[in-house]
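Student: Could you take me through one part of this structure closely? I would like to look at a single helix and what surrounds it.

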Amino acid sequence: MWISLPTIKFCRFESEFVGTNMYLTISGDEALIVDPHFDKQADDLLKEKSVRKITVFLTHEHPDHTHGLPWLKENFDTAVICQEQCAASIGVEKNNRPYLITFVLSQRDKENGTHLLDKFKRTVRPYAFKADKTFDKELDYNWIGHRFHFRHTPGHSKGSCCITVNDAAVFTGDSLIFDTSVITRFPGGSKEDFETKTKPYLNTFADETIVLAGHGKTFKMKEARDVGF
């Protein structure tokens, strides 16, 4: 699914396992990916376009948003950018073991008679990565003429961030999903941080700002406000 923004467009790929969104854009032989997971169509597209270099933005450190890193690192010249606490987490293998995902898939397989857990285990393996560029509170970054601004937005996790693009849209990871309360009960989460730091920041965005969330549909800030954000 292609999402057109002013001067740039992203293709959204939804993970079949837990519905995590990965966003991809290509310019010449370079690509930008937000929150990678392996996707055959994305892999085919990158190879078809002869992409050689990929810049990866991470909205946070949870494995469903990072487990595509081995695929990218092994096949492309890849650089990873994220908040420093996210970087600290993905640098330790045990933090990247997707226990929650495997539990969810196991339950789903029992209920539906599917075999998603086996497929997930064949796709994902233990990994640890060193980020190439990190930041504490904020970072301005230019990718092939496009302006990105990173802002540390704790609450869902310690290393969560939101990333604006060309002042028209924002990648929110799991800090804002349409009509869904943010989860702060996972290790590293903080309801207080979300309410006092992240939610006020999100409320600074104009109604027409496009939200590219970590799960679910793309929407405008006005839509989120209309359902009670």
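Tutor: Here is a walk around helix H1, followed by a short look at the cysteines. Keep in mind that this model is predicted.

Start with the span. H1 covers residues 40-48. Its buried residues are Ala 42, Asp 43, Leu 45 and Leu 46. Now look down the axis of H1. The buried residues fall within an arc of 165 degrees, so they line one face of the helix. Turn to the face that points away from this buried side. There you find the exposed residues Lys 40, Gln 41, Lys 47 and Glu 48.

What do the buried residues of H1 pack against? Five strands are not the whole list, so take the partners in order. The strands are S1 (2-5), S2 (8-14), S3 (21-27), S4 (30-34) and S5 (53-57). Helix H2 (69-75) is a partner as well.

Next, the two ends. Asp 39 caps the N-terminal end of H1. One of its side-chain oxygens lies 2.9 Å from the backbone nitrogen of Gln 41. On the other side, H1 is followed by Ser 50. The phi of Ser 50 is positive, near 55 degrees.

Last, the cysteines. A disulfide is a covalent bond between the sulfur atoms of two cysteines. The count here is zero disulfides. Cys 86 is in no disulfide. Its nearest cysteine sulfur belongs to Cys 82, 3.8 Å away, whereas the cut-off for a disulfide is within 2.5 Å. Cys 86 is buried, at 0% relative accessibility. Cys 11 is buried too, with a relative accessible area of 5%.

Key:
Residues are numbered from 1 along each chain as its sequence is written. This is a predicted model: local features need pLDDT of at least 70, side-chain atom pairs count only at pLDDT 80 or more; totals for chains, interfaces and linings use all residues. Side-chain values use heavy atoms; hydrogens and water are left out. Buried means under 20% relative accessible area, exposed over 50%, partly exposed in between (1.4 Å probe, protein chains only). Helices (H or I, at least four residues) and strands (E, at least two) are DSSP runs, numbered from the N terminus. The arc is that of the directions from the helix axis to the C-beta atoms. Contact means heavy atoms within 4.5 Å. A polar contact is a pair of N or O atoms within 3.5 Å; within protein, one must be able to donate a hydrogen and the other to accept it, and residues adjacent in sequence count only if both atoms are side-chain atoms.
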